Amino acid sequence: MSRILRSMVVGAATFGMVGLAGCAASTPDVVSAPAKVRQVTESSHCGLTGPGLLLVTSDAQLSKYLGLPAQNLATQQLRNVDLKREFLLFVTLGKKSTSGYGVRLTSAEIHGDVLDIRAEVRSPPKDAILAQVMTSPCAVLAVEPGNWNAIRVTGVGDSPLLLRP
């Protein structure tokens with residue numbers, strides 16, 4: 001085989017392997033899909049002291065939580081959610097020593113068997129004059145059940161919050 005022909009064969013084989021590797025690398029291992037998640041309400045004071053997730057799946061659980069004295073949620077909006085079709089997920093920031101904090105839903109997708117929820121925290125400006133008051137901000141999400149086994153919430157702290165219902 002001539003030197004030129006050999007170079008062309010080696011070059012074509014190398015190009016083909018690189019092309020196949022590129023195709024393999026661009027094929028996602030896990031298919032993502034949109035999730036049916038909506039924000040019902042948010043509050044600067046939910047009464048929950050630690051950052052985390054609270055799952056409410058029944059009217060009895062909701063009534064028990066809404067009976068806590070240290071919260072100021074829009075209770076009617078929460079009671080209007082049909083807990084036979086959706087459940088409520090409280091995404092809480094924990095205790096904050098001033099006003100001006102909040103959290104809201106930005107996106108939700110299913111990746112494999114995980115419902116990935118992205119939230120955004122609102123913080124007061126550094127130079128703001130704020131009320132010195134204990135708050136416990138949260139967002140309350142309505143989530144339709146799906147083909148996932150865990151809920152992961154990112155954007156509310158240094159590491160993701162994980163819940164396996």
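1. **The four-stranded sheet.** In this predicted model, four strands form an open sheet in the order S2-S7-S4-S3, and the pairing is antiparallel. Strand S2 (37-43) and strand S3 (51-56) are the edge strands; each has a single partner strand, so one side of each is left without a neighbour in the sheet. From one strand to the next, the twist averages 20°.

2. **The S2-S7 pair and helix H2.** Six bridges join S2 to strand S7 (residues 138-143), in the antiparallel sense. Arginine 38 sits opposite alanine 142 of S7. Helix H2 (residues 59-66) also packs on the sheet. H2 touches S3 and strand S4 (87-93), and its direction makes about 135° with that of S3.

3. **The disulfide.** The whole structure holds one disulfide. Cysteine 46 and cysteine 138 form it, with their sulfur atoms 1.6 Å apart. A disulfide is a covalent bond between the sulfur atoms of two cysteines. The torsion about the S-S bond of cysteine 46 and cysteine 138 is about -70°, so this disulfide is left-handed. Cysteine 46 lies in the loop between S2 and S3, and cysteine 138 in strand S7, so the pair ties together parts 92 residues apart in sequence. Both cysteine 46 and cysteine 138 are buried.

4. **Serine 136.** Serine 136 belongs to the loop between strand S6 (114-122) and S7. Is serine 136 buried or exposed? Its relative accessibility is 4%; under 20% counts as buried, so serine 136 is buried. Leaving aside neighbours within four places in sequence, serine 136 is in contact with Ser43, Ser44, His45, Cys46, Gly47, Leu48 and Gly94. Cys46 in that list is one of the disulfide cysteines.

5. **The largest nonpolar core.** This core has 22 residues. Which of them touch the most other members? They are Val37, Leu115, Ile117, Leu141 and Ile151. The elements that give two or more residues to the core are S4, strand S5 (102-111), S6, S7, strand S8 (150-154) and strand S9 (161-163). Leucine 115 contacts Ala35, Val37, Glu109, Ile110, Val143, Trp148, Ala150, Ile151 and Arg152, leaving aside its neighbours within four places in sequence.

6. **The second core.** A separate core has 16 residues, including Cys46, Val56, Leu88 and Val140. Cys46 thus turns up in three places: as a disulfide partner of cysteine 138, as a contact of serine 136 and as a member of this second core. In soluble globular proteins, nonpolar side chains tend to be buried together.

Note on methods. Residues numbered from 1 in each chain as written. Predicted model: local features only at pLDDT ≥ 70, side-chain atom pairs only at ≥ 80, totals over all residues. Heavy atoms only, no water. Pairing = 2+ DSSP bridges. Axes fitted to C-alpha atoms, helices over the stretch in contact; angles between N-to-C directions. Contact = heavy atoms within 4.5 Å. Buried < 20%, exposed > 50% of the residue type's maximum accessible area, 1.4 Å probe, protein only. Core = buried A, V, L, I, M, F, W, Y, C linked by side-chain atoms within 4.5 Å. Disulfide = S-S within 2.5 Å.
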